[in-house]
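Colleague: Could you walk me through the reasoning behind a few labels in this model? I would like to see each term set beside its definition.

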Amino acid sequence: MNNYTATAAVLGASGYVGRELCSLIARHPRLRLGIATARAAGTLRVPGSGPLAVRALEDATLDGCDVVFSCLPHGESAKGLERAPSGALLVDLSADLRPGGAGTTSHPLSKAAAYGLTELARERVRGARVVANPGCYPTAALLALAPVLRRGLVGGPVVINAASGVTGAGRSPKAELLFGEVAEDFRAYGLGNEHRHLAEMRAGAESLAGVPVDLVFTPHLLPIRRGILETIHVPLTEPLGTAEARALWATDYAHEPFVELLEGVAPSLRDVVGTNRVSMAVWSMANLSSPALQIVVAIDNLVKGAAGQAVQNMNLVLGMSETEGLTCRAA
């Protein structure tokens with residue numbers, strides 16, 4: 001018999017993030033999936049778990065659920081959480097309640113929501129009953145930049161070049177994401193510094209630095225299923241050698257179970273895909289007229305960038321070990 005202590009609901013289980021979350025719940029020793037919803041009732045194949053019966057959202061009853069995860073589309077997700085029973089922990093995996101987004105000014109839940117970038121907001125998340133799960137690109141960028149943002153060492157616009165697998169674009173059919181369009185190609189999108197994740201990144205960076213921070217963000221589409229790799233250029237207010245810079249990251253993340261700091265080698269997607277790990281490395285940049293750092297960071301967009309971080313936040317709020325159910329590689 002399962003040793004569960006909490007019952008979960010997943011709204012929007014048929015998307016990539018929803019399926020990943022159902023798979024994580026199935027392997028979590030203290031959690032059971034009470035109900036999963038999709039646009040229509042049916043059976044869903046969950047990697048590493050087998051067939052899963054899903055109900056249409058309008059027919060679902062969430063009574064008895066201790067935690068409700070909403071993986072519904074942006075603009076619908078926070079509204080779906082209104083169906084949750086009183087007292088349940090609410091975790092929104094859309095942009096609806098995140099800082100910098102339209103939802104933060106329009107939905108009542110936003111006032112109670114803690115921004116769930118766990119490593120940077122642990123105490124606020126611990127006492128929350130509503131968690132706004134961060135976006136995948138901001139998760140990697142803000143964790144990579146936090147040590148210099150906190151210390152006021154950023155001396156100019158930060159340039160973030162990021163690449164993501166196609167699951168980051170969601171499961172809705174799109175002609176530009178067909179295999180024949182993506183395979184053997186690599187392209188930038190969201191050009192002009194107007195990608196929807198930029199506002200969230202800017203809000204998070206300003207919160208850490210205490211002042212506005214200019215960010216230049218260019219996302220790229222990788223011809224792979226999953227994973228995010230970001231290369232970040234940071235102008236500095238004062239020179240920092242590689243060892244000196246690395247010591248800042250080592251200090252800040254010394255006790256973080258999911259943060260891996262590499263030395264002398266850049267992280268790759270093979271280091272992180274299927275895990276809740278953040279892998280990063282930092283260098284002082286040579287051959288420039290002013291001091292700067294280069295940071296490379298990698299995460300799995302579906303795990304640490306979405307479902308895994310949601311479970312990490314849930315573990316924290318419900319008093320479980322933060323690593324519970326997150327130490328195995330995803331199927």
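Modeller: Happily; here is a short exchange on one strand and one loop residue. This is a predicted model, where local features need pLDDT of at least 70, side-chain atom pairs count only at pLDDT 80 or more, and totals for chains, interfaces and linings use all residues. Residues are numbered from 1 along each chain as its sequence is written, and side-chain values use heavy atoms, leaving out hydrogens and water.

Colleague: Why is strand E1 called largely enclosed by the rest of the structure?

Modeller: Buried means under 20% relative accessible area, exposed over 50%, and partly exposed in between (1.4 Å probe, protein chains only). Six of the six residues of E1 (residues 6-11) are buried, so the strand earns that description. Ala6, Ala8 and Val10 point one way, while Thr7, Ala9 and Leu11 point the other way. In a regular strand, side chains alternate between the two faces of the sheet.

Colleague: How do you know that E1 and strand E2 pair?

Modeller: Pairing requires DSSP to find at least two bridges between two strands. E1 and E2 (residues 31-38) have five, in the parallel sense, with Ala8 opposite Leu33. The chain goes from E1 through helix H1 (residues 16-27) to E2 in a right-handed β-α-β crossover (clockwise from the first strand over the helix to the second, with the strands pointing away from the viewer). Helices (H or I, at least four residues) and strands (E, at least two) are DSSP runs, numbered from the N terminus.

Colleague: What joins E1 to strand E5?

Modeller: Four bridges join E1 to E5 (residues 67-70), and the two run parallel. Val10 has Phe69 as its bridge partner in E5.

Colleague: Why is Asn287 called exposed?

Modeller: Asn287 has a relative accessible area of 82%, so it is exposed. Asn287 sits in the loop between strands E14 (278-284) and E15 (292-299).
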